[in-house]
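Hi everyone, thanks for coming. I'd like to walk you through a structure that may be new to you, so please have a look at the screen first.

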Amino acid sequence: CVTCVQFNWNDTVIASGAENGDIILFNVVTGLGLSSMSNPKTQAIRQIQYSNFTKSLLVAASDDGSINMWDTATKKLLQAFTAQHNAPATALAFSPLNAMLLISAGLDKRIICYDAQNKAPIRTMIAESPLTSADLYCDGSTLAVGSIRGKIYIYDLRSGDLPIDVITAHKS
């Protein structure tokens, strides 16, 4: 079962994540699978995201809470963050302006900021409910995260760890 898909930087490859923890790269023109990448400890992949700056850098969030960084050119696992989330990791977002910044969010209510170049977590924020989605605004510092309670939390990453706004978007 395919759980997520993402085009690469020049739309020639589609990466797909699956419930068995595999990531498969497909050639867009031929439709043929180019290669498969998997970490034996990884559960279902819930989100994948290509870096805006390092074209072969693909990050995956999974049900075991891990965040895995892959080099799609070499098919090698660059970094496995296995102890950052205590529940399924559900969302990823790369900064559109800062080559170093990667964000993950999960059902453990955690928002984690990583230095993608040095492969290290740099900040953790805790929301009031489990998180399902995340995106960074084009300014690179405004973060929106969605929750299972139907709320959207807006954060300014330049300020404290509390949201600057909370929007009730859905009733459930």
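I'll go through the sheets, then a few residues, and then some salt bridges. Please keep in mind that this is a predicted model.

Let's start with the sheet at the beginning of the numbering. Four strands make up an open sheet here, in the order β1-β2-β3-β4, and the pairing is antiparallel. Which strands stand at the edges? They are β1, residues 2-7, and β4, residues 33-37. Each has a single partner strand, so one side of each is left without a neighbour in the sheet. On average, and ignoring direction, neighbouring strands of this sheet are turned by 20° against each other.

Now look at β3 and β4 in that sheet. They run antiparallel and are joined by four bridges. If you want a landmark, find Ile23, which stands opposite Met37 in β4.

While we are here, let me introduce Asn27. This residue belongs to strand β3, residues 23-27. Is Asn27 buried or exposed? Neither label fits fully: Asn27 has a relative accessible area of 24%, which means it counts as partly exposed. The side chain of Asn27 reaches the backbone nitrogen of Thr30 at 2.9 Å. What else does Asn27 touch, once we set aside its neighbours within four places in sequence? The contacts are Thr12, Leu32 and Leu34. To get a feeling for distance, take Asn27 and Leu136: they are 109 residues apart along the chain, and their C-alpha atoms are separated by 28 Å.

Moving along the chain, we come to β5 and β6. Strand β5 covers residues 45-50, strand β6 covers residues 57-62, and they pair in the antiparallel sense over five bridges. Together β5 and β6 form a hairpin, with six residues between them. On the model you can pick out Tyr50, whose bridge partner in β6 is Leu58.

Next comes a residue that I find fun to look at, Asp71. You will find Asp71 in strand β7, residues 67-71. How far away is the nearest side chain of opposite charge? That side chain is Lys75, at 7.1 Å. A salt bridge needs the charged atoms within 4 Å, and Asp71 has no salt bridge, although it is buried. Leaving out neighbours within four places in sequence, Asp71 is in contact with Met37, Ser56, Lys76 and Leu78. You may remember Met37 as the residue in β4 opposite Ile23.

Let's jump ahead to another open sheet. Its four strands have the order β13-β14-β15-β16, with antiparallel pairing. The edge positions belong to β13, residues 131-136, and β16, residues 165-168. Each of these has a single partner strand, so one side of each has no neighbour in the sheet. From one strand to the next, the twist averages 20°. Within this sheet, β13 and strand β14, residues 142-147, run antiparallel and are joined by five bridges. One pair to click on is Asp135 with its bridge partner in β14, Ala144.

Last topic: charges. Side chains of opposite charge can pair when their charged atoms come close. How many salt bridges are counted in this model? The count comes to five, and I'll show you some of them.

One of them joins the side chains of Asp63 and Arg46, at 2.8 Å from N to O. This pair links distant parts of the chain, with Asp63 in the loop between β6 and β7 and Arg46 in strand β5, 17 residues apart. Both ends are partly exposed: Asp63 has 23% relative accessibility, and Arg46 has a relative accessible area of 31%.

Another salt bridge is formed by Arg123 and Asp161, with the closest N and O atoms 2.8 Å apart. Here Arg123 sits in strand β12, residues 120-126, while Asp161 is in the loop between β15 and β16, 38 residues apart. Asp161 is partly exposed, with a relative accessible area of 38%.

And one more: Lys151 and Glu128 meet through their side chains in a salt bridge, 3.4 Å from N to O. Lys151 lies in strand β15 and Glu128 in the loop between β12 and β13, 23 residues apart. Lys151 counts as partly exposed at 26% relative accessibility, whereas Glu128 is exposed, with a relative accessible area of 53%.

That's the tour. Thanks for listening!

Definitions and conventions
Residues numbered from 1 in each chain as written. Predicted model: local features only at pLDDT ≥ 70, side-chain atom pairs only at ≥ 80, totals over all residues. Heavy atoms only, no water. Helix = DSSP H or I, 4+ residues; strand = E, 2+ residues; numbered from the N terminus. Buried < 20%, exposed > 50% of the residue type's maximum accessible area, 1.4 Å probe, protein only. Contact = heavy atoms within 4.5 Å. Polar contact = N/O pair within 3.5 Å; in protein donor to acceptor, adjacent residues only side chain to side chain. Pairing = 2+ DSSP bridges. Axes fitted to C-alpha atoms, helices over the stretch in contact; angles between N-to-C directions. Lys, Arg positive; Asp, Glu negative; His and termini not counted.
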